[in-house]
Each structure stands twice: as C-alpha cells, then as structure tokens.
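Here's a walk through the empty spaces in this fold, the packing around them, and a few residues worth a look along the way. Have the structure open and turn it as you read.

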Amino acid sequence: MATRKLTGSEVRLSEIGLGCATLAFDATPTALADSRDMLTAAYKAGIRYFDTAPFYGRGLSERLVGDALLGRDYILSSKVGRILDPEVSAPTHMPFNVTFDYSYDGIMRSVEDSFQRLGLCKIDILYAHDLGNHTHGDDADKHFRDFFEGGYRALSELRATGVVEAIGLGVNEVEVCEQAMKHGDFDLFLLAGRYTLLERTDALEFFDACADANTDIVIGGPFNSGLLVGGGTYNYRAIPDDIALRHRILLDYCRAQEVDIGAAALQFPLRHSVVKSVIPGPKNTTEFQQIQRWKDIEIPDQFWAGLKDLSQ
C-alpha cells in the first residue's frame, strides 16, 4: 500500500489507515475475536497506520491494538486529554471513570498509562483529544487554556526527547485547529468528518494555512458516521434536511457516473496534498474488506471534475 511521509519527520503513514474506536464498541467474546481478526487482516492487507485513544472503550481499544500488533512494524497514534481512573461501579465493561485533564501532569500520566495498555515505550504520534466546542461546550475555553498552559509543553518535551515523533490535535472542528496554530507548533491534525464528499470546501482555507506551516492532515470519519455509505446518521446524530438533500444530489451524481459512492468518499480526501492518510473505522472484518475494495476502484478524472460543479 502507498505511504505518504509527514512533512516534518521521517514518519510515513499508509494512505489508508485504520481508526480503532469501533473495535471497543462491543466487548462480547464474538465481537472481540472479530476485532482481533480485523486488526490482523488490516496488517496483512498493508495497513501500517493505526489510530487509537484511551477514550475508545475506556482503554480496551489500546489493549486490543497493542496485543494484536505486538512485535510488528507499524505507525501508531494515540491521544491525551482524558484520564482513566479505576471505578468498580463504572457503567462499562472496562471499570474506569473518565475525566478530562489537559494539564502537564495529566498529559504525562495519560502517556504512561497508554504505554502500559499498549505494551510500548514509544508512541509515534500523540494527539490532544477533543479540544473544542463540539466536546466541551461552555467549558471549551477553559480546557484550551489548560492545554496551552501545561499540556502543550508536555507534548513538546515528549517530541523533543524522541518519545513521540509527532504531535497534533485530534478533533472534529476546523476552528480549534486554526486557534491552536496561533499558539503552538504542530506536525499534523487529525480532523474527523470535516473534509468529506458532504463537506468539500469549508476546510480548504485552513488547509492552505497548514501547507504554509508544513503541517499535515489526517482525515477521520470519511463517511460522516456512515451516511455516505448507507447509514442512518450524520456525524452520529439525526440527519439535517440540508445534509439529506446534499446526500441525494451526491448519490444521484455517483449513480449517473457509475462510481460507487463509498469508493469516492474514501478516495476524495487523499486528492488534497496536505492529507497524508484517511482512517475509516470499520466495525468488523466484513466492513474492512469492503473498504479495501473501495480503495482499489479506479475513479476517472471526469468524475472528480464534475464533482466540483455540484452545489455545496
């Protein structure tokens, strides 16, 4: 599988990576076995970039990734900004409560905890997870200040000492990335759901700024939580009327061009030069195999040219 090198480091990401949040949605023995099988299948298929986080399954995703890929050569990203504290009564299959902590000490503790779950002593990429209004609402400014008064220094030290190769934010909003660029030096941003077939233009000005700053982009959520491939939600919520209309227009266009909309959605973000990888999050091996088929479909230039003329 083709790889793309991060601008500021020697890290190379496979163009299609694996988002590992969905591995931890279901902790039944059957689901866990399928998650392990999917990780093995992804590696065999040439996937070399895997993204996880402490929040995904309250530690379960990191454990699954670490166990399945032990001893193999791959690029890993995880995240900081949440602390998992043991709590027997926590309403989950993993007995931890989750608290936000973007301080210096919080980031350092989060990294050490991730090392334990992953079975590693180094993480290639660390993202500050879920800064911004989408997660924090009225508390967003407080958490942003906490990060830049302490957590950012922790990430910078980890990068300077080689414990981490690259640092960034893993978020759902362009705006918080733009704000962060004014305060720190970031290698890349993981932006979920904001540069897709359904949202093709809003991020472009930001991408220009990233190119000027030698900052790269990883795109998560290329299917907008499944809407682009037949799902019933948009970014995990009810589908707004304007988005439903835009989706119908896209679907009609793809049918007319005889291009599978799933293939177009997967491949679209990689057409921009600052995008180094796209990381869908399949729920099981069957969905992963479908993504592999979409990856290999050749889409003619005329399709992309016509796409520009569709209303946004």
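Let's begin with the biggest opening. The lining of the largest pocket is a mix of 20 nonpolar, 20 polar and 10 charged residues. Keep in mind that this is a predicted model.

**The pockets and the cavity**

How much space lies in the largest pocket? The answer is about 1,400 Å³. A total of 50 residues line this pocket, and the closest to its centre are Ala21, Thr22, Gly221, Ser225 and Tyr236. Four elements each bring at least two residues to the lining: helix H4 (133–136), strand S9 (164–171), strand S10 (188–192) and helix H10 (285–296). The largest share comes from H10, with 4 residues.

The second largest pocket has a volume of about 220 Å³. Its lining has 11 residues, and if you want to find the centre, look for Tyr195, Phe268, Trp304, Leu307 and Lys308, which are the closest to it.

Then there's enclosed space. Rolling a probe the size of a water molecule over the atoms shows where empty space is left. Searching the whole structure turns up 1 cavity of 30 Å³ or more. That cavity has a volume of about 30 Å³, and its lining is made by Pro54, Phe55, Lys79, Val80, Gly81, Arg82 and His129.

Here are the three spaces together:

| Space | Volume | Nonpolar lining residues | Polar lining residues | Charged lining residues |
|---|---|---|---|---|
| Largest pocket | about 1,400 Å³ | 20 residues | 20 residues | 10 residues |
| Second largest pocket | about 220 Å³ | 5 residues | 3 residues | 3 residues |
| Largest cavity | about 30 Å³ | 3 residues | 2 residues | 2 residues |

**The chain as a whole**

Stepping back, the chain has 11 helices and 12 strands. Its radius of gyration is 19 Å, close to the 20 Å from the globule rule for 312 residues, so the chain is as compact as a globular protein of that length. The C-alpha trace spans about 55 × 45 × 40 Å along its principal axes. Of the 312 residues, 53% count as buried. Among contacts with a separation of 6 or more, 73% are between residues 24 or more positions apart.

**The cores**

In soluble globular proteins, nonpolar side chains tend to be buried together. In this chain, the largest nonpolar core has 83 residues, and those with the most contacts inside it are Leu39, Phe50, Phe147, Leu169, Leu197, Phe207 and Ile217. Helix H5 (residues 140–160) gives the most to this core, with 6 residues. Take Ile217 as an example: leaving out residues up to four places away in sequence, it touches Phe189, Phe206, Phe207, Cys210, Val274, Val275, Lys276 and Ser277. There's also a second, separate core of 12 residues, with Leu6, Tyr49, Ile75 and Ile279 among them.

**Two buried residues to click on**

Is Asp51 buried or exposed? Asp51 has a relative accessible area of 3%, and since buried means under 20%, it counts as buried. Asp51 sits in strand S4 (residues 49–51). Beyond its neighbours within four places in sequence, Asp51 is in contact with Leu18, Gly19, Cys20, Tyr56, Ser77, Lys79, Tyr127, Leu190 and Ile279. Two of these names have come up already: Lys79 lines the largest cavity, and Ile279 is part of the second core.

Tyr74 is in the loop between helix H2 (60–68) and strand S5 (75–80). Despite the loop setting, Tyr74 is buried, at 12% relative accessible area. Its contacts, not counting residues up to four places away in sequence, are Tyr43, Arg48, Phe50, Leu69, Leu120 and Asp124. Tyr49 is 25 residues from Tyr74 in sequence, and the two are 6.1 Å apart C-alpha to C-alpha.

**Two backbone oddities**

Most residues other than glycine have a negative phi, and most peptide bonds are trans. Asn214, not a glycine, has a positive phi of about 55°. Asn214 falls in the loop between helix H7 (204–212) and strand S11 (216–220), and at 48% relative accessibility it counts as partly exposed.

Ser225 also has a positive phi, about 60°, without being a glycine. You'll find Ser225 in the loop between S11 and helix H8 (241–257), partly exposed at 22% relative accessibility. That brings us back to the start, as Ser225 is one of the residues closest to the centre of the largest pocket.

Key. Residues are numbered from 1 along each chain as its sequence is written. This is a predicted model: local features need pLDDT of at least 70, side-chain atom pairs count only at pLDDT 80 or more; totals for chains, interfaces and linings use all residues. Side-chain values use heavy atoms; hydrogens and water are left out. On a 1 Å grid over the protein atoms alone, a cavity is a set of points where a 1.4 Å probe fits but cannot get out, and a pocket is an open set with protein on both sides within 12 Å along at least five of seven lines; lining residues have an atom within 4 Å of a point. Grid points are joined across faces, edges and corners, and a volume is the space filled by probe spheres set on the points. Ala, Val, Leu, Ile, Met, Phe, Trp, Tyr, Cys and Pro count as nonpolar, Asp, Glu, Lys and Arg as charged, and the others, Gly among them, as polar. A nonpolar core is a set of buried Ala, Val, Leu, Ile, Met, Phe, Trp, Tyr and Cys residues joined through side-chain atoms within 4.5 Å. Buried means under 20% relative accessible area, exposed over 50%, partly exposed in between (1.4 Å probe, protein chains only). Contact means heavy atoms within 4.5 Å. The radius of gyration is taken over C-alpha atoms; the globule rule is 2.2 Å times the number of residues to the power 0.38.
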